Structures are given as C-alpha cells and as structure tokens.
Amino acid sequence: MTAGDEFEIFLVTAPGLEAALCAEARERGFKAPTPVKGGVTVTGGWPEVWRANLELRGASRVLARIAEFRALHLAQLDKRARKVPWGEILRRDLPFRVEASCKHSRIYHQRAAAQRVETAIREALGASVSPEAEICIKARIEDDLCTVSVDSSGETLHKRGHKEAVAKAPMRENLAALFLRLCGFDGSEPVVDPMCGSGTFVIEAAEIAAGLKPGRSRRFAFEQLAGFDAAAWRRLQEKGGSQPPPAARFFGSDRDAGAIQAARDNAARAGVAGWTEFRQQTISDLTAPEGPPGLVIVNPPYGGRIGERKRLYPLYNALGQVLRARFAGWRVGLVTNDASLAAATGLPFAPPGGPVSHGGISVMLFQAGPLS
C-alpha cells in the first residue's frame, strides 16, 4: 500500500459525538466523511491518515482499514490474513501486537482470533510480537466479516502532549473540542470556564482561535510503519505557518489553587499563555470580562463523579444566579449527567442533545442562548 493508494479511514470518537466530528472532518477537507456508530469514515491514503492525526481535534484515534475479507473459521482467518501485503505496511525490525473483537460471528474466541492473525503476520513478515508494541493491528470480526486496521495513532489523541498537570475528573481534550463546536464556537469570541480544573476548555478554545494543530507536539504510531516518509511528514507539519494572534481572550477560574497553577502550566506548554488568564476564585466572585460577550462553558462536578448529588444543587443554583446577574448577552454550555442539576441553575436551557460517554459516565450538553 503506497502513499497514493486510497482506503477507508475510521476516525474514532465518543458515541454521541459522531455528527460533530463529521462536521469537523468535512470542514478540514477530508473526502466523503460519513458518521457511523462510534466514529466517522473518510476516504484517503496514508497522507490523509497522518493529517487526521495532526489536525482533527475531535478524534480519539485514527484507524487505517487495510483489508476486509470473510472468515468463517480460524483456518480461513489464518489463510486470508497471510494474503494482506504486510511488507508494505509493517517493518520487519519492529514488534507489533494484535487485538481482535468478535461479534455475531462463527469465530467467537477473541484471543484465538488474535493469535491466528499474529502468527500469520509473524510468519509472512518475520516481525516479532510484543504485548508492549506501539504498533497495533486491530481485527474486527462482525457477522463473519473481518476488517483489519492499523491503529495509526498510538496513544489516544486527547493526549496533545502539553498537559502534564491534571486536575480531578478532567475533561478530555477531544471531547472539549467537540463540545465547543456544538456550542457554535469558532475562535472569534471570548470563552469563560468558571470551574476550569486543569484548563482544558480554555486551552482548547485558545488553540482553536490561534489556529494551532492539536497534534503538533507529539509523536504517532504511524511514524514506525514501513511506508512512512519523514520528509513529507515534516512538510505537512509545517504547512499553514504562523497565523496572527487571536483577538479574543480566554478565561478560567477555579476555587482550587492547585488546579489554577496546573492550568497556567498547561497553557504555557501549549503556547497559549498569552491569550489565557486563570484566576483562583469562587463562583460568587465570578464576573464577566470586559468587552463583547461570548461563551461560558463549564463541566461542573456531578453526582456519581465527585461528591453526592444533593450537595451539588446549591452549587448549580449559585452558578445560575451569577450568570443571569452578570453575563447578559453570553451563551452558556453546561456538561452534566443529570437534567435536574442543570435545571437547578434556573438557566433557559434548550433540550439537550443525546448522551455522550465521558469517562464511562453518560453526560449531556445543555445549551442556553444569549442571556437577557
């Protein structure tokens, strides 16, 4: 499979955010973006795989689908896996591992399926198998159809390479980016997060406004594949160059001094310290920054995550009172797992979108238009 070959690329995201990621992929110029359960499919070659890892904020992983065949039993899986041109994809000198999943198929033993594919690759290519290998081949067998993919990302893409300091119950960067998108944020307006933790929403908003590529500071598993072109990758990384600094500013506050220091450190590592401001304060001290209104986005504690639900109602109520009193003209996005907590704010939220899985908890994004 050369750089010019096209195949299906699967962009993984949290269930419930497929349409938002599809809109981002379309905006970034990927071919034939189609939302499916758990992600988005696009079409392209290896340069598009690289670009997806580098540029897409909402994806958590990028899978290159390199083969598809029917497999009714393990011997057939073994035989057909050997026909995949592994020498064009994997390097003989680097270890690999295989993960398999089986659903509604005559092959039902996942470990046995993974072992057959491992053996086929090892004997066809000569590469070694290691459970710690960064290169991961995924074999998904569903309704007796085996789809073979290469995980091109390695570490999940929410790890941008900037956040060393993490506060309690953090919002993942890729989820934050898609929630900002769903709130209509395009980088041109200020953002306030009054419970910012380690600063994810604020930093993500500042990066979007500055036109920074989310994968600019990290490495990826695809750099260890056989067809990787380091010079072409460098050109892709450098494409676009520097942009003028954003006109808007981005503000975070939190009652926890440690969280604020972590947010400042994370913003500095991300290169957005000049456009962000973090302040230790309680909700009662929150005021709107000077200038035009923008977006307040917040991921407060919720029942089952931090503290008991009944103790959270006063917090949500205080947040709503402050926003209604001091943030006229601002839109609000609030992420929580409980509609009654959102209602406790007294804010005029529209019905939320479908649930989204956040750290194993189903959460919803509640949105209110400009406050009067």
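These questions and answers walk through two sheets and the helices on them.

The model is predicted: local features need pLDDT of at least 70, side-chain atom pairs count only at pLDDT 80 or more, and totals for chains, interfaces and linings use all residues. Residues are numbered from 1 along each chain as its sequence is written, and side-chain values use heavy atoms, without hydrogens and water.

Reader: Which strands stand at the edges of the open sheet that holds β1?
Author: Strands are DSSP runs (E, at least two residues), and helices are runs of H or I, at least four residues, numbered from the N terminus. Two strands pair if DSSP finds at least two bridges between them. The order is β2-β3-β1-β4-β7-β6-β5. One side of each edge strand has no neighbour in the sheet, because each has a single partner: β2 and β5.

Reader: Which residue stands opposite Val-12?
Author: β1 (residues 7-12) pairs with β3 (residues 39-44) in the antiparallel sense, over six bridges. Opposite Val-12, in β3, stands Gly-39.

Reader: What angle does helix α1 make with β2?
Author: Contact means heavy atoms within 4.5 Å. Axes are lines fitted to C-alpha atoms, for helices over the stretch in contact, and angles between N-to-C directions run from 0 to 180 degrees. Helix α1 (residues 18-27) touches β1, β2 and β3; its angle with β2 is about 175°.

Reader: Which strands are at the edges of the sheet that holds β12?
Author: This open sheet has seven strands, ordered β10-β9-β8-β11-β12-β14-β13. Each edge strand has a single partner, so one side lacks a neighbour: β10 and β13.

Reader: Which strands does helix α9 touch?
Author: Helix α9 covers residues 313-326 and packs on the sheet. Its direction makes about 170° with that of β12, and the strands touched are β11 and β12.
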